[in-house]
Amino acid sequence: MIKVKKHPTAILKDDTERNTSENISALILAGGKSRRLGKDKRLLIYKKDPLILRALRSAKSVSREVYVLISTKEDEEVLSPLLVDALFILDSSPGSGPLAALAGALSVISGDYDYVLLLSADYPLITGEFLLRVKGFLEKEKTKPDVLI
């Protein structure tokens, strides 16, 4: 069973234009252990903000609801003060690998949306502006892709 926990809505302070869509959901993959780095890379600062917060802001530019896939309850304790505008999904099969975690999370959210944006927590150069361009591309296509990489 995958648990989804909603935190109180907060206003995000950013300059990203909001053009959200009912048919797009976002899932931020944030359950990694950062073993090679030796510290939590989700909390590394890039241009004054933690990477995970930048990912949330980017995702919010195209999606009303943003889910964050985490591995443990401790992940939620660490991230929830930063991501007050996110829904947390706890990995239902910890230790089974990222694909099992992803499949479980998608089974919770994909039924309600035409598209699910998958976004890693540690890609700071994926901006809201870029995601709006991708959204515009999807809206113009006559044949809707199953996957866009």
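In the predicted model, G32 is located in the loop that runs between β2 (24-29) and β3 (45-46). With a relative accessible area of 48%, G32 is partly exposed. Its C-alpha atom is separated by 9.6 Å from that of L69, although the two residues are 37 residues apart along the chain.

The protein chain as a whole contains four helices and seven strands, and from the N terminus on these elements follow the order β-β-β-β-α-β-α-β-α-β-α. Of its 149 residues, 41% count as buried. The accessible surface comes to about 9,100 Å², and carbon and sulfur atoms account for 55% of this area. Among contacts between residues at least 6 apart in sequence, 73% join residues at least 24 apart.

Strand β5 (residues 66-70) is mostly covered, five of its five residues being buried. In a regular strand, side chains alternate between the two faces of the sheet. In β5, V66, V68 and I70 point one way, while Y67 and L69 point the other way, and all are buried. On the side of β2, β5 pairs in the parallel sense over four bridges, with I28 standing opposite V68. Strand β6 (residues 87-90) also runs parallel to β5 and is joined to it by four bridges; here I70 stands opposite L90. Between β5 and β6 the chain passes through helix α2 (residues 73-79), and the resulting β-α-β crossover is right-handed.

Helix α1 (residues 51-60) is likewise mostly covered, with 10 of its 10 residues buried. Charged residues are included in this set, among them R54, R57 and K60. The side chain of R57 meets that of D49 in a salt bridge, with an N to O distance of 2.8 Å. Both partners are buried: R57 has a relative accessible area of 15%, and D49 one of 19%. K60 forms a salt bridge with D85, in which the closest N and O atoms are 3.2 Å apart. This pair links distant parts of the chain, since K60 belongs to helix α1 and D85 to the loop between α2 and β6, 25 residues apart. D85 is buried at a relative accessible area of 11%, and K60 counts as buried at 8%.

In total, the count comes to six salt bridges. Another of these involves K41 and D122, whose closest N and O atoms are 2.9 Å apart. K41 lies in the loop between β2 and β3, whereas D122 lies in the loop between β7 (115-120) and α4 (128-140), so the pair ties together parts that are 81 residues apart in sequence. K41 counts as partly exposed at 28% relative accessibility, as does D122 at 22%.

The loop between β2 and β3 also holds R42, which counts as buried at 7% relative accessibility. Its side chain makes polar contacts with the side chains of two aspartates, D40 at 2.7 Å and D75 at 3.3 Å. D40, R42 and D75 are linked in a network of salt bridges. Leaving aside neighbours within four places in sequence, R42 is in contact with A30, P50, L51, I52, D75, L79 and A121. Of these contacts, L51 and I52 are among the buried residues of α1.

Key: Residues numbered from 1 in each chain as written. Predicted model: local features only at pLDDT ≥ 70, side-chain atom pairs only at ≥ 80, totals over all residues. Heavy atoms only, no water. Helix = DSSP H or I, 4+ residues; strand = E, 2+ residues; numbered from the N terminus. Buried < 20%, exposed > 50% of the residue type's maximum accessible area, 1.4 Å probe, protein only. Polar contact = N/O pair within 3.5 Å; in protein donor to acceptor, adjacent residues only side chain to side chain. Contact = heavy atoms within 4.5 Å. Pairing = 2+ DSSP bridges. Right-handed = clockwise from strand over helix to strand, strands pointing away. Areas by Shrake-Rupley, 256 points an atom, 1.4 Å probe, with all protein chains shown as cover. Salt bridge = Lys/Arg side-chain N within 4 Å of Asp/Glu carboxyl O.
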